[in-house]
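Reader: I would like to learn how to read the features of a structure one at a time. Could you take me through this one, with the general idea before each case?

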Amino acid sequence: MKKIILFILLLILLVSGGAIWFLGSDKLNILIAEQIEVQGSKITDQVVTVKKVDMQLLHGAGTINGLVLNNPKGYSTTPAFSLDTVTLDINIKSLAGTSKGEPIVIDAVIIDTPEALVEFNETGGSNIQEILDAVNKNLPKSAASEPTSEPSNTGTGPQPNIKVKKFVLAGVALRVDLTKLGNTKHKKTLPDINLSNIGGEAGLPANELGGELLKRALSAIWKSAKNEQQKVLEDKVKDKAKEKATELFDKWKKDN
């Protein structure tokens, strides 16, 4: 029974960044959803909403459904990032090592077919860059990658670190809006983005892990969007060069 309670506590720590007592499955799911919204909004400086959380605690698995990250002020009302399902695969055996100061292991966090919108403004800034700046500013920084010695809010002892072995963004539907730079909107589906060993061997405190996962996801999307922007800008330069060459050739023909 003690291990089951610890396992429940782990899941709450992972998604909410804080420890609270188990209240029963329905209330737990509601509470986790509320904490994702609160902590997500605190880290990103934007409104975060969640439709549903369903934790299958005894099976070491859970899902988070309908998560939406709103766009910053000054951009469109379309969400910057939204997803249907996040799947968690927790390594239950790793719970036994927490008494020795070893991290709890999440074997996989899989985000399936999320949608991302990257909007560039007239100066070349973007919505995703603003959100990433907020995450970098608000994300707690641990003094070291070791389990914290501070007691949790439940009084059950030190809060364990958590590490994620595999983090997958599967089939991101990316839209890049370059209309304010004189271009148009572009759509593409990104190849699966696979990241590993989030938190290192020692793991990260729970209140940092969610923000770090979000940071990794948005950074990967931002990199792809920047590549798309660079390609478009290079094409514009080529087009202008062709136009100039055509003008010069037409003038030469006229003069001769």
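**Strands, a helix and a core**

Author: Let us begin with strand pairing, keeping in mind that this is a predicted model. Strand E3 (residues 61-69) and strand E4 (residues 81-90) run antiparallel and are joined by 8 bridges, and one pair to look for is Leu67, whose bridge partner in E4 is Leu83.

Reader: In which sense does E4 pair with strand E5 (residues 104-112), parallel or antiparallel?

Author: The pairing of E4 with E5 is antiparallel and extends over 6 bridges, with Ile90 having Ile106 as its bridge partner in E5. E4 also runs antiparallel to E6, to which 2 bridges join it, and there Phe81 stands opposite Ala116.

Reader: How many bridges join strand E6 (residues 115-119) to strand E8 (residues 173-177), and do they run parallel or antiparallel?

Author: E6 and E8 run parallel, with 5 bridges between them, and Glu119 has Asp177 as its bridge partner in E8. E8 in turn pairs with strand E9 (residues 185-189) over 5 bridges, in the antiparallel sense, where the bridge partner of Ala173 is Thr189 of E9. For the protein chain taken as a whole, the secondary structure comes to 4 helices and 11 strands.

Reader: How should I read a helix, and which residues of H3 are buried?

Author: The general idea is that an α-helix has 3.6 residues a turn, so residues three or four places apart point the same way. In this structure, helix H3 (residues 127-138) has 12 residues and reaches 17 Å from its first C-alpha to its last, close to the 16 Å expected. Its buried residues are Asn127, Ile128, Ile131, Leu132, Ala134 and Val135. Seen down the axis of H3, these buried residues fall within an arc of 160°, so they line one face of the helix.

Reader: Which residue caps the N-terminal end of H3?

Author: The cap is Ser126, which has a side-chain oxygen 3.1 Å from the backbone nitrogen of Gln129. Ser126 lies in the loop between E6 and H3, and because its relative accessible area is 1%, under the 20% cut-off, it counts as buried. Leaving aside residues up to four places away in sequence, Ser126 touches Tyr75, Val118, Glu119, Phe120, Asn121 and Trp222.

Reader: Is Gly124 buried or partly exposed?

Author: Gly124 is found in the loop between E6 and H3, and with a relative accessibility of 26% it counts as partly exposed. Gly124 also shows how sequence and space can be read side by side, since Gly124 and Leu178 are 54 residues apart in sequence and 9.2 Å apart in space, C-alpha to C-alpha.

Reader: Which residues touch the most other members of the largest nonpolar core?

Author: That core has 50 residues, and those touching the most other members are Val53, Ile64, Val109, Val118, Val164, Phe167 and Leu218. Helix H4 (residues 206-255) gives the most to this core, with 9 residues. To follow one core member outward, take Val164, which touches Ile106, Val109, Ser196, Asn197, Ile198, Leu209 and Leu213, not counting residues up to four places away in sequence.

Reader: What share of the protein chain counts as buried?

Author: Of its 256 residues, 45% count as buried. As for contacts in the protein chain with a separation of 6 or more, 64% of them are between residues 24 or more positions apart.

Conventions
Residues numbered from 1 in each chain as written. Predicted model: local features only at pLDDT ≥ 70, side-chain atom pairs only at ≥ 80, totals over all residues. Heavy atoms only, no water. Expected span 1.5 Å × (residues − 1). Buried < 20%, exposed > 50% of the residue type's maximum accessible area, 1.4 Å probe, protein only. Arc of directions from axis to C-beta. Polar contact = N/O pair within 3.5 Å; in protein donor to acceptor, adjacent residues only side chain to side chain. Pairing = 2+ DSSP bridges. Core = buried A, V, L, I, M, F, W, Y, C linked by side-chain atoms within 4.5 Å. Contact = heavy atoms within 4.5 Å.
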